[in-house]
Amino acid sequence: MKQSTPESVNTPNKFAGLVEFSPGFSPRPGVSHVLFDFDGTLSLIRQGWPEVMVPMFVEMLPPSPGETPEVRRQLCYDDIMRLNGKQTIYQMMQLAERIKERGGTPCDPLWYKHEYLRRLDEKIQHRQEGLRSGQVQPDDCLVYGSRAFLEHLQNRGLALYLASGTDEIFVKKEAELLGLTRFFGPHIYGAVDDYKQFSKKIVIERILRENRILGEQLLSFGDGYVEIQNTKEVGGLAVAVASDEANNGAGRFDEWKRQRLFGVGADLAIPDFRDAQPLVECVFGEGTPVA
């Protein structure tokens, strides 16, 4: 894989930022439906969530004999990030399993999920209140260039969908705070307590079935492995949004995300949406990367 520069991309409007293509990338002029993940892909309201979940896991997990705090923390971090993109409950199920492995008696995973959400809410409450009061501008809590990119896709007549591992009630509320509801309308989906009733795979299958389209007509954007993997499974085109959430607008890749998402089959990677028009032109074959 190579990292493109403005000179290495043959488009009417050259890329201003970093774009990286997999060797197997090919344009999809037939794309008609676009699926977005939410947290870390569009929304930054929950930026810093690992700083809440990891300490909670470390606190709840009984230490093994001779285990250092650093080793226990790394184990928790690896478990959490391996499941990033899936519903939050799966991370809590993993925590409960680890506790059981170490001879402890875990609580119900749903209890851990609600406790995590309580702690996270304390961390992000100021952002939500700032958005409600107008003291925080919505674009300050969006991955750089998101709104212009969504507008560009909508103007091209593409159908937009949103699916998140975060609970649907929170996704809809936060999408409204960010002014994104108008792009997705009724097509905003998220987790529910009965976790078997929702998954991104279910959403993708529903998009294909209800719209009677082929997988190759689906384009997805995400910063978690689940949406990338599920999109590739049906033959869609998957864009990794390897966003550096803590440094929004810097235009740099989060290297862990970039490597992880290419590892599960991403067709290309971007750090944000600064190159809305040339990126879409490239996907549709109106401009393609030079080999």
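Reader: Let's start with Pro63. Where is its place in the chain?

Author: Keep in mind that this is a predicted model. As for Pro63, look for it in the loop between α1 and α2.

Reader: Does Pro63 count as buried or exposed?

Author: The relative accessibility of Pro63 is 53%. The cut-off for the open class is over 50%. Because 53% passes that mark, Pro63 counts as exposed.

Reader: Which residues does Pro63 touch, leaving aside those up to four places away in sequence?

Author: Pro63 sits in the loop between α1 and α2. With residues up to four places away in sequence left out, the ones Pro63 touches are Arg72 and Arg102.

Reader: How far apart are the C-alpha atoms of Pro63 and Leu279?

Author: Along the chain, Pro63 and Leu279 are 216 residues apart. In space, their C-alpha atoms are separated by 48 Å.

Reader: Back to Arg72, then. Which residue's side chain does Arg72 meet in a salt bridge?

Author: Arg72 is buried, at a relative accessible area of 12%. Its partner is buried too, at 18% relative accessibility. The closest approach, N to O, is 3.8 Å, and the cut-off is 4 Å, so this pair makes the list. The partner is Glu67.

Reader: And how many salt bridges does the count come to?

Author: Side chains of opposite charge can pair when their charged atoms come close. The pair of Arg72 and Glu67 is one case, at 3.8 Å. By the 4 Å rule, the count of salt bridges comes to 27.

Reader: How many residues apart in sequence are the parts that Lys232 and Asp267 tie together?

Author: Lys232 and Asp267 form a salt bridge, with their closest N and O atoms 2.9 Å apart. Lys232 is in helix α9 (residues 225-233), while Asp267 is in the loop between α10 (255-263) and β9 (268-270). So the pair ties together parts whose separation in sequence, in residues, is 35.

Reader: Asp267 is at 6% relative accessibility. Is it buried or exposed?

Author: Its partner Lys232, at 27%, counts as partly exposed. Asp267 has just 6%, and the cut-off is under 20%, so Asp267 counts as buried.

Reader: What about Arg252: which side chain does it meet in a salt bridge?

Author: Arg252 is partly exposed, with a relative accessible area of 46%. The partner is buried, at 17%. The N to O distance is 3.9 Å, and the partner is Asp244.

Reader: Which residues do salt bridges with shared partners join into one network?

Author: Some salt bridges share partners, and that links them up. The residues joined into one network are Glu59, Glu115, Arg118, Arg119 and Glu122.

Reader: On to the helices. Why is α1 roughly parallel to α3?

Author: Helix α1 (residues 50-60) and helix α3 (residues 88-101) have axes that come within 10 Å. Angles under 35 degrees count as roughly parallel. α1 is roughly parallel to α3 because their axes cross at roughly 25°.

Reader: By class, what residues make up the contact of α1 with α3?

Author: From α1 come Met53, Met56, Phe57 and Met60, and from α3 come Thr88, Gln91, Met92, Leu95 and Ile99. By class, that contact has seven nonpolar, two polar and no charged residues.

Reader: How do the residues of the contact of α2 with α3 divide?

Author: The axes of α2 and α3 come within 9 Å and cross at roughly 145°. The contact is made by Leu75, Asp79, Ile80 and Arg82 of α2 with Gln91, Gln94 and Arg98 of α3. Those residues divide into two nonpolar, two polar and three charged.

Reader: Which residues does Cys76 touch, not counting those up to four places away in sequence?

Author: Cys76 lies in helix α2 (residues 69-82) and counts as buried, at 2% relative accessibility. Its C-alpha atom is 6.2 Å from that of Phe57, although the two residues are 19 apart along the chain. Cys76 touches Phe57, Val58 and Leu61.

Reader: Last one: what do the buried residues of α5 pack against?

Author: In helix α5 (residues 146-155), the buried residues are Ser146, Arg147, Phe149, Leu150, His152 and Leu153. The elements that the buried residues of α5 pack against are β4 (33-36), β5 (159-167), α7 (181-184), β7 (218-222) and α11 (276-283).

Notes
Residues numbered from 1 in each chain as written. Predicted model: local features only at pLDDT ≥ 70, side-chain atom pairs only at ≥ 80, totals over all residues. Heavy atoms only, no water. Axes fitted to C-alpha atoms, helices over the stretch in contact; angles between N-to-C directions. Helix = DSSP H or I, 4+ residues; strand = E, 2+ residues; numbered from the N terminus. Parallel < 35°, antiparallel > 145°, perpendicular 65-115°, else oblique. Contact = heavy atoms within 4.5 Å. Nonpolar A, V, L, I, M, F, W, Y, C, P; charged D, E, K, R; others polar. Buried < 20%, exposed > 50% of the residue type's maximum accessible area, 1.4 Å probe, protein only.
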